[in-house]
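Please look through the sequence and the structure shown here, and keep both at hand while reading. The paragraphs below are meant for someone who meets this structure for the first time.

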Amino acid sequence: MKLSVGAGLAGVAAAAVAVGTSEVVAVLTGPVTAPLPAVGGVVIDNVPGPVKDFGISVFGVHDKTALIVGTGVLLALYAYAVGVLARRSWRLGLAGIGLFAAIGVAAAQTRHDASVFAWLPTVVGAALAVRVLRLLLDRVGEPVPAPASVLVGVGGPGPGAGAPPSAAPVTAYVEDRRYFLKVLGIAFGSAAVAGFGGRWLGSRQAVSAARNDVVLPAPRQTAPPLPTGVQVPGVTPYISPNKDFYRIDTALIPPQVDPATWQLRIHGMVRNPITLTWEQLLQRPMIERYVTLACVSNEVGGDLVGNALWLGTPIRELLAEADPLPGADQVVQRSVDGWTCGSPTSVLMDGRDALLAVGMNGEPLPVDHGFPARLVVPGLYGYVSACKWITEIELSRFSDFDAYWVPRGWAQQAPIKTASRIDTPRDGASRKPGSVVVGGVAWAQHRGIDKVEVQVDDAPWAEATLAATVSSDTWREWSFGWQATPGRHRLRVRATDGSGATQTSTPAAPAPDGAAGWHSIEVEVD
Ligand SMILES: Nc1nc2c(c(=O)[nH]1)N[C@H]1C(S)=C(S)[C@@H](COP(=O)(O)O)O[C@H]1N2
Ligand SMILES: [Mo]
């Protein structure tokens, strides 16, 4: 092994130990204070917003794993360089670790829910990294100018076999290399154990136990019973199970909020500020409603939309008690992790079933979906209304405050656009000639769906059959009987909402206020 490679590996091992131990310390200070998630969070909050294709990457879930892996790879490269440098100059090595620590600490401080000890995981990790790097570098050894005969001896069957006395330093190096590899292995092993162990401990003290103990109150008003025939065979389930419900947020690690210490503060431009504890919230009148949520980042034909039975207290009643001052046209919602969104006060108070929700499909909210409490507003995209892990409601003005996504290029106000999607057949599927059932969903929350039409190739638009639905706040499934003839066909769908407006054919990208255009698929018939 070349000495510089050894030094580089020593650097990587030191970094691994730093990251691993920081995860253990973060069991005490909160998962977002560990350097890797902290830096990842800063990246999320600072990617340029208006970039269209970035919308999904920022909102999306899989990209979070990619972000952590990417940050880890960058750190490994950096650590390798620090190791190589440190062998030449120990002071440069220390400076390299110092820079790592500075970045980690700075990132952790910016996390909204970070404690005053947010610096601790990185500092402990960095201190251990210094020790590990020194230990390993001492074993990498120094190049020893040796006579050729000695080098042959080293390459021979046994270390030092018949070697002259002058070979001593080289023999020592060979022994040190074994020792070096052993220490390197131990360093990586303990880093892995610490890292995964820390994460595991952290998840054990997560709120799942508190969530299991929650007994949801009975609703004052249950949801209207589901009519028969809401479901079209082959189409997305009418009610999205919690485990399949799309998840979109900026949280690398979902905030763990203990209901015992949770509070909701309603303040700002109000006559009567209110603070609610979890107990007090559960004592408020609860209602149950089916509401379909949709994400503004959803592309035409996409699946960032879901329908659930929510249990919650009408937010309009809480706002009325707080008594907004004239001019307070924006209800700013703030999550425990600092994320914000803003809804028009007029919309939250116009009588629709906007809920401060605590239950989803008969369970307490899943942690990923905002436990213990979130807002659900029929008719507004999630990023302007559906604050998860909510802890603050501040009455303000649109002219005074821009919520999280607004400076990143998204609209201040964003009612959900009428949309329709073909679920069956799938794009690119093949079918036999004859009768083929085409089916899908359409949504225009709070206006309702009045008509869905399908067009095959250039034929006139034909009306689809609408399935039953529970209210105008939910999506509606539809089906269409198609007499398929051999060949390749294009199928399009468009919906008309309860106000009589038909979806526009003009495509629009998700930014700044939601995608538009008709969903179309191709089907091969033979
Ligand atoms: N605290 C918090 N709440 C949030 C978000 C977020 O990033 N942080 N994202 C919003 C967006 S963009 C959407 S579309 C909905 C998605 O809710 P879901 O993950 O329960 O489907 O949550 C909203 N609430
Ligand atoms: Mo969203």
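What follows moves from the chain as a whole to its helices, and then to some details of the backbone.

The model is a predicted one, and its chain holds 12 helices and 19 strands. Of the 526 residues of the chain, 51% count as buried. Among the contacts in the chain with a separation of 6 or more, 76% are accounted for by residues that lie 24 or more positions apart.

A good place to begin is helix α6, which covers residues 120–140 and packs with helix α1, made of residues 3–29. The axes of α1 and α6 are 7 Å apart, and the angle between the two helices is about 155°. Because angles over 145 degrees count as roughly antiparallel, α1 and α6 are described as roughly antiparallel to each other. Their crossing is right-handed, and the contact of α1 with α6 has 20 nonpolar residues, seven polar residues and no charged ones.

Helix α6 also meets helix α5, which consists of residues 90–110, and here the axes come within 9 Å and cross at roughly 160°. The helices α5 and α6 are therefore roughly antiparallel to each other, and the crossing of this pair is right-handed. On the side of α5 the contact is made by Trp-90, Leu-94, Ile-97, Phe-100, Ala-101, Gly-104 and Val-105, while α6 contributes Thr-122, Val-123, Ala-126, Ala-129, Val-130, Leu-133, Arg-134 and Leu-137. Divided by class, the residues in the contact of α5 with α6 are 12 nonpolar, two polar and one charged.

Further along the chain comes helix α11, residues 315–322, and which of its residues are buried? They are Ile-315, Leu-318, Leu-319 and Ala-322. These residues cover an arc of only 100° around the axis, which puts them on the same side of α11. The background to this is that an α-helix has 3.6 residues a turn, so residues three or four places apart point the same way. Just after α11, Asp-323 takes a positive phi of about 65°.

That last detail leads to the backbone, and the general rule to keep in mind is that most residues other than glycine have a negative phi, and that most peptide bonds are trans. Asn-361 has a phi near 50°, a positive value in a residue other than glycine, and is found in the loop between β7 (355–360) and β8 (363–364). With a relative accessible area of 24%, Asn-361 is partly exposed. His-446 is not a glycine either, and yet has a positive phi of about 75°; the place of His-446 is in the loop between β13 (434–443) and β14 (449–456). At 31% relative accessibility, His-446 counts as partly exposed.

Where, finally, are cis peptide bonds to be found? One of them joins Thr-424 and Pro-425, with omega at about -5°, and Pro-425 has its place in the loop between β11 (419–424) and β12 (430–431). Another runs from Ala-511 to Pro-512, where omega is near 10°, and Pro-512 is placed in the loop between β18 (487–497) and β19 (519–525).

Definitions and conventions: Residues are numbered from 1 along each chain as its sequence is written. Chains are lettered from A and ligands numbered from 1 in the order in which they are written. This is a predicted model: local features need pLDDT of at least 70, side-chain atom pairs count only at pLDDT 80 or more; totals for chains, interfaces and linings use all residues. Side-chain values use heavy atoms; hydrogens and water are left out. Axes are lines fitted to C-alpha atoms, for helices over the stretch in contact, and angles run from 0 to 180 degrees between N-to-C directions. Helices (H or I, at least four residues) and strands (E, at least two) are DSSP runs, numbered from the N terminus. Angles under 35 degrees count as roughly parallel, over 145 as roughly antiparallel, 65 to 115 as roughly perpendicular and the rest as oblique. A crossing is left-handed if the near helix is turned anticlockwise from the far one by less than a right angle, and right-handed if clockwise. Ala, Val, Leu, Ile, Met, Phe, Trp, Tyr, Cys and Pro count as nonpolar, Asp, Glu, Lys and Arg as charged, and the others, Gly among them, as polar. Buried means under 20% relative accessible area, exposed over 50%, partly exposed in between (1.4 Å probe, protein chains only). The arc is that of the directions from the helix axis to the C-beta atoms. Contact means heavy atoms within 4.5 Å.
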